[in-house]
Amino acid sequence: MKAVVIGEPSDVTMETIMSVYPRHKAIVEKYIAKGEVIGIGLFADRGNMAIFKTREAAEQYVTEDPFILEGLVKSFIIKDWNDTLL
């Protein structure tokens with residue numbers, strides 16, 4: 001079973017987002033290198049989603065991502081996902 005982190009955007013400016021982005025990208029790249037993240041990206045409303053191979057990886061990610069830690073993501077949930085295609 002995979003896990004999906006779904007985040008709701010806060011009302012921060014794009015300038016604030018871009019100032020934090022390099023640190024966020026470093027965390028994402030760490031999870032990609034470990035083979036734990038399958039996909040990650042934005043929705044049209046600036047909300048976001050990340051798909052992880054395990055719930056444990058998703059739970060660890062949310063403790064490290066500066067977008068979450070610094071309030072750029074207003075709230076998030078982690079949902080278990082039964083991907084029936086893979």
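Q: Which residues of helix 2 are buried?
A: Burial is read from how much of a residue is left accessible: buried means under 20% relative accessible area. In this predicted model, helix 2 spans residues 55–62, and its buried residues are A57, A58, Y61 and V62.

Q: Where do those buried residues of helix 2 fall when seen down its axis?
A: The idea is to look along the helix and ask how widely the buried positions spread. In helix 2 the buried residues fall within an arc of 130 degrees, so they line one face of the helix.

Q: And what covers the buried residues of helix 2?
A: Cover is read from contacts. For helix 2 the cover includes strand 1 (2–9), helix 1, strand 2, strand 3, helix 3 (66–69) and strand 4 (73–81).

Q: How many residues does the largest nonpolar core have, and which have the most contacts inside it?
A: A nonpolar core is a set of buried nonpolar residues joined through their side chains. Here the largest one has 19 residues, and F52 and Y61 have the most contacts inside it. Strand 1, helix 1, strand 3, helix 2, helix 3 and strand 4 each give two or more residues to this core. Helix 1 contributes the most, with 5 residues.

Q: Which residues is Y61 in contact with, leaving aside its neighbours within four places in sequence?
A: Setting sequence neighbours aside lets you see contacts made by the fold. Y61 is in contact with H24, I27, V28, Y31, I40 and F52. You have met Y61 already, among the buried residues of helix 2.

Q: How many salt bridges are there?
A: The rule looks for a side-chain nitrogen of Lys or Arg within 4 Å of a carboxyl oxygen of Asp or Glu. By this rule the count comes to 7 salt bridges. One of them joins E70 and R23, whose closest N and O atoms are 2.5 Å apart. E70 sits in the loop between helix 3 and strand 4 while R23 is in helix 1, so this pair ties together parts that are 47 residues apart in sequence. Both partners are partly exposed: E70 has a relative accessible area of 43%, and R23 has 40%.

Q: Where in the chain are the partners E64 and K30?
A: Their side chains meet in a salt bridge, at 2.5 Å from N to O. E64 is in the loop between helix 2 and helix 3 and K30 is in helix 1, so to speak a link between distant parts of the chain, 34 residues apart. K30 is partly exposed, at 34% relative accessible area.

Q: What about K34 and E36?
A: These side chains also meet in a salt bridge, with 3.6 Å from N to O. K34 is partly exposed at 47% relative accessibility, and E36 is partly exposed at 23%.

Q: Which residues are linked in a network of salt bridges?
A: Sometimes charged side chains join into a group. Here R55, E59 and D80 are linked in such a network.

Q: Which residues make the nonpolar surface patch?
A: To read a patch, look for nonpolar side chains that sit together with area left accessible. M14, M18 and Y21 make one of about 280 Å². Of these, M18 lies in helix 1, residues 14–33, and is partly exposed, with a relative accessible area of 47%.

Q: What is the phi of R46?
A: Most residues other than glycine have a negative phi. R46 is not a glycine, yet has a positive phi of about 75 degrees. R46 lies in the loop between strand 2 (37–42) and strand 3 (48–52), and is partly exposed at 41% relative accessible area.

Q: How far apart are S10 and L72, in sequence and in space?
A: Comparing the two separations shows where the fold brings parts of the chain together. S10 and L72 are 62 residues apart in sequence and 5.5 Å apart in space, C-alpha to C-alpha. S10 lies in the loop between strand 1 and helix 1 and is buried, with a relative accessible area of 19%. Leaving aside neighbours within four places in sequence, S10 is in contact with G71, L72, V73 and K74.

Q: Is G7 buried or exposed?
A: G7, in strand 1, counts as buried at 2% relative accessibility. Beyond neighbours within four places in sequence, G7 is in contact with G47, N48, V73, S75 and F76. G7 and N82, by contrast, are 75 residues apart in sequence and 19 Å apart in space, C-alpha to C-alpha.

Definitions and conventions:
Residues are numbered from 1 along each chain as its sequence is written. This is a predicted model: local features need pLDDT of at least 70, side-chain atom pairs count only at pLDDT 80 or more; totals for chains, interfaces and linings use all residues. Side-chain values use heavy atoms; hydrogens and water are left out. Patches are made of residues with over 30% relative accessible area and no salt bridge: like charges are joined within 9 Å, nonpolar side chains (Val, Leu, Ile, Met, Phe, Trp, Tyr) within 5 Å. Accessible areas come from the Shrake-Rupley method with a 1.4 Å probe; for residues, only the protein chains shown count as cover. Helices (H or I, at least four residues) and strands (E, at least two) are DSSP runs, numbered from the N terminus. Buried means under 20% relative accessible area, exposed over 50%, partly exposed in between (1.4 Å probe, protein chains only). The arc is that of the directions from the helix axis to the C-beta atoms. Contact means heavy atoms within 4.5 Å. A nonpolar core is a set of buried Ala, Val, Leu, Ile, Met, Phe, Trp, Tyr and Cys residues joined through side-chain atoms within 4.5 Å.
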